[in-house]
Amino acid sequence: MRRSGACVRCFCLVVLAVASALCVSGPALYWRYNKSFSSSSSSLSLSRSFVPFFGSGSISPLPGLRWRSTSSCAPCTCDCPPPLSLQTVAPALANVSITDCGESDPELHKELGKQPAELLTEELKLHEAVIEEQSRHANASLADARRLASQYQHEVEKCNMATEACEEARERSQGSLAKERKITALWEKRARQLGWQDA
């Protein structure tokens with residue numbers, strides 16, 4: 001994983017350096033090549049072949065060049081500014097070399113020097129470590145769940161014991177209440193027999 005990211009970064013840096021160099025030095029090379037080409041004898045036939053398409057005194061499709069319709073073509077004049085060097089445009093890119101890419105990173109150098117079998121072994125070890133970590137996490141979660149279940153079971157047992165005690169107390173109180181009602185009814189009956197009446 002780390003090796004592929006470093007390779008992609010190095011490749012992007014190389015592509016950027018080549019594209020910058022072509023963008024900076026490309027126009028200058030084109031105009032230099034075009035100037036030497038127009039001074040040779042083949043430029044005369046080239047200018048004659050373009051005359052019917054653009055007409056006499058027409059503007060050429062390339063900026064800075066003026067095509068002539070006469071048989072003796074004067075050398076083309078370039079109106080472009082002097083070319084810029086890579087050192088003036090991007091001084092940081094001028095010092096980049098492809099050969100030393102990643103040499104300052106010992107870890108990358110070590111990774112690039114490994115054989116495919118070593119890389120496969122390391123990847124298998126990483127997968128094994130991830131599986132062990134997931135298994136450890138699952139075991140810890142299972143232990144927590146068992147501990148909570150045991151705690152809840154203990155609480156349920158305590159609640160059941162308290163409920164049973166309350167039921168026994170309720171049954172005793174109901175029995176006592178029934179006895180008290182019988183005694184109260186007996187005393188009320190005797191009182192009525194002796195002449196007691198409700199007020």
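Which residue lies over the face of Trp187? In this predicted model, the position is taken by Arg190, which lies at 5.4 Å from the ring centre of Trp187. Aromatic pairs, by contrast, do not occur, a search of the whole structure having returned 0 of them.

The chain comprises 6 helices and 0 strands, so that its elements, read from the N terminus on, follow the order α-α-α-α-α-α. Of its 199 residues, 10% count as buried, and the surface exposed by the chain amounts to about 16500 Å², of which 63% is supplied by carbon and sulfur atoms. Where contacts between residues at least 6 apart in sequence are considered, 48% of them join residues at least 24 apart.

Helix H6 spans residues 116-193 and thus contains 78 residues. The distance from its first C-alpha to its last is 114 Å, which is close to the 116 Å expected at 1.5 Å a residue. Following H6 is Gly195, a residue whose phi is positive, near 105 degrees.

The search of the whole structure for salt bridges yields 4, among them three with both partners in helix H6 that are described here. Arg136 and Glu133 are joined through their side chains, with an N to O distance of 2.5 Å; because these residues are 3 apart in helix H6, about one helical turn separates them. Arg136 counts as partly exposed at 47% relative accessibility, and Glu133 is likewise partly exposed, at 46%. A salt bridge also links Arg147 with Asp144, the closest N and O atoms in this case being 3.9 Å apart, and these residues, again 3 apart in helix H6, are separated by about one helical turn. The relative accessible area of Arg147 is 48%, which makes this residue partly exposed, while Asp144, with 40%, is also partly exposed. In the salt bridge between Glu188 and Arg192, the closest N and O atoms are 3.2 Å apart, and the two residues lie 4 apart in helix H6, a separation of about one turn of the helix. Glu188 is partly exposed at 36% relative accessibility, as is Arg192, with a relative accessible area of 40%.

Outside helix H6, Pro83 is found in the loop that lies between helix H2 (42-54) and helix H3 (86-89). With a relative accessibility of 54%, Pro83 counts as exposed. Although Pro83 and Trp31 are 52 residues apart in sequence, their C-alpha atoms are 9.6 Å apart in space.

Conventions:
Residues are numbered from 1 along each chain as its sequence is written. This is a predicted model: local features need pLDDT of at least 70, side-chain atom pairs count only at pLDDT 80 or more; totals for chains, interfaces and linings use all residues. Side-chain values use heavy atoms; hydrogens and water are left out. The expected span of a helix is 1.5 Å times one less than its number of residues. Rings of Phe, Tyr and Trp (its six-membered ring) pair if their centres lie within 6.5 Å; planes under 30 degrees apart count as stacked, over 60 as edge-to-face and the rest as tilted. A charge sits over a ring if NZ of Lys or CZ of Arg is within 6 Å of the ring centre and within 35 degrees of the ring normal. Buried means under 20% relative accessible area, exposed over 50%, partly exposed in between (1.4 Å probe, protein chains only). Contact means heavy atoms within 4.5 Å. Accessible areas come from the Shrake-Rupley method with a 1.4 Å probe; for residues, only the protein chains shown count as cover.
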